[in-house]
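Here is a short report on a single model. Start with the view below.

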Amino acid sequence: MASTELVQQPDLTGPSYPMDFITDSHQCHLMTQWDQLKVKAAVGSVFPPSPGATFHCRPIPQGYAVVMVDEITEGFEELQLDHPTGEGETQLGLALKTPCLWRKEHIKLPNWTPPPPPPASQGTPPPPPPASDQGTQPP
């Protein structure tokens with residue numbers, strides 16, 4: 001008998017991040033927390049989200065995105081990854097040119113412009129026309 005796994009549904013009330021709105025892969029800076037600062041650990045690409053997406057046959061954890069590590073900042077080679085790569089690597093230095101999971105809150109999109117908000121009139125009825133006296137005299 002096969003076992004079943006409860007797949008966590010996306011939290012639509014949770015925070016959203018710029019990479020939640022991309023439709024193509026984008027160059028990104030992969031940041032890490034050091035004391036109270038966020039510092040650049042690597043440069044790579046982040047892939048657009050897709051419903052039901054998986055990372056090596058497992059659901060992508062809430063708050064993470066799939067990235068490709070292209071270049072590692074000197075001194076961050078031994079940074080521990082939150083989740084192993086598909087090959088089982090757990091250090092950033094061993095994840096070069098390999099897809100891995102990265103916290104969305106630590107991904108910066110340097111050349112990304114947010115989409116414009118929808119026009120204010122969209123979804124709301126137009127205001128009624130101004131009232132006219134239609135030839136009647138005030139009392």
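The report covers the sheet, one histidine and two backbone outliers.

This is a predicted model: local features need pLDDT of at least 70, side-chain atom pairs count only at pLDDT 80 or more, and totals for chains, interfaces and linings use all residues. Residues are numbered from 1 along each chain as its sequence is written, and side-chain values use heavy atoms, without hydrogens and water.

**Sheet.** Five strands make an open, antiparallel sheet, ordered 6-5-2-1-7. Strands 6 and 7 are at the edges with a single partner strand each, so one side of each has no neighbour in the sheet. Strands are DSSP runs of E, at least two residues, numbered from the N terminus. Two strands pair if DSSP finds at least two bridges between them. Strand 2 (37-46) and strand 5 (64-72) pair antiparallel over five bridges. G44 has V69 of strand 5 as its bridge partner.

**H106.** This residue sits in the loop between strand 6 (99-103) and strand 7 (107-108). H106 is buried, at 11% relative accessible area. Buried means under 20%, exposed over 50%, and partly exposed in between (1.4 Å probe, protein chains only). Leaving out residues up to four places away in sequence, H106 touches H29, L30, M31, T32, Q33 and K38. Contact means heavy atoms within 4.5 Å.

**Positive phi.** Most residues other than glycine have a negative phi. Two loop residues are listed here with positive values.

| Residue | Phi | Loop | Relative accessible area |
|---|---|---|---|
| D35 | near 55° | between strand 1 (26-34) and strand 2 | 62%, exposed |
| C57 | about 70° | between strand 3 (54-55) and strand 4 (58-59) | 75%, exposed |

Conventions. Helix = DSSP H or I, 4+ residues; strand = E, 2+ residues; numbered from the N terminus.
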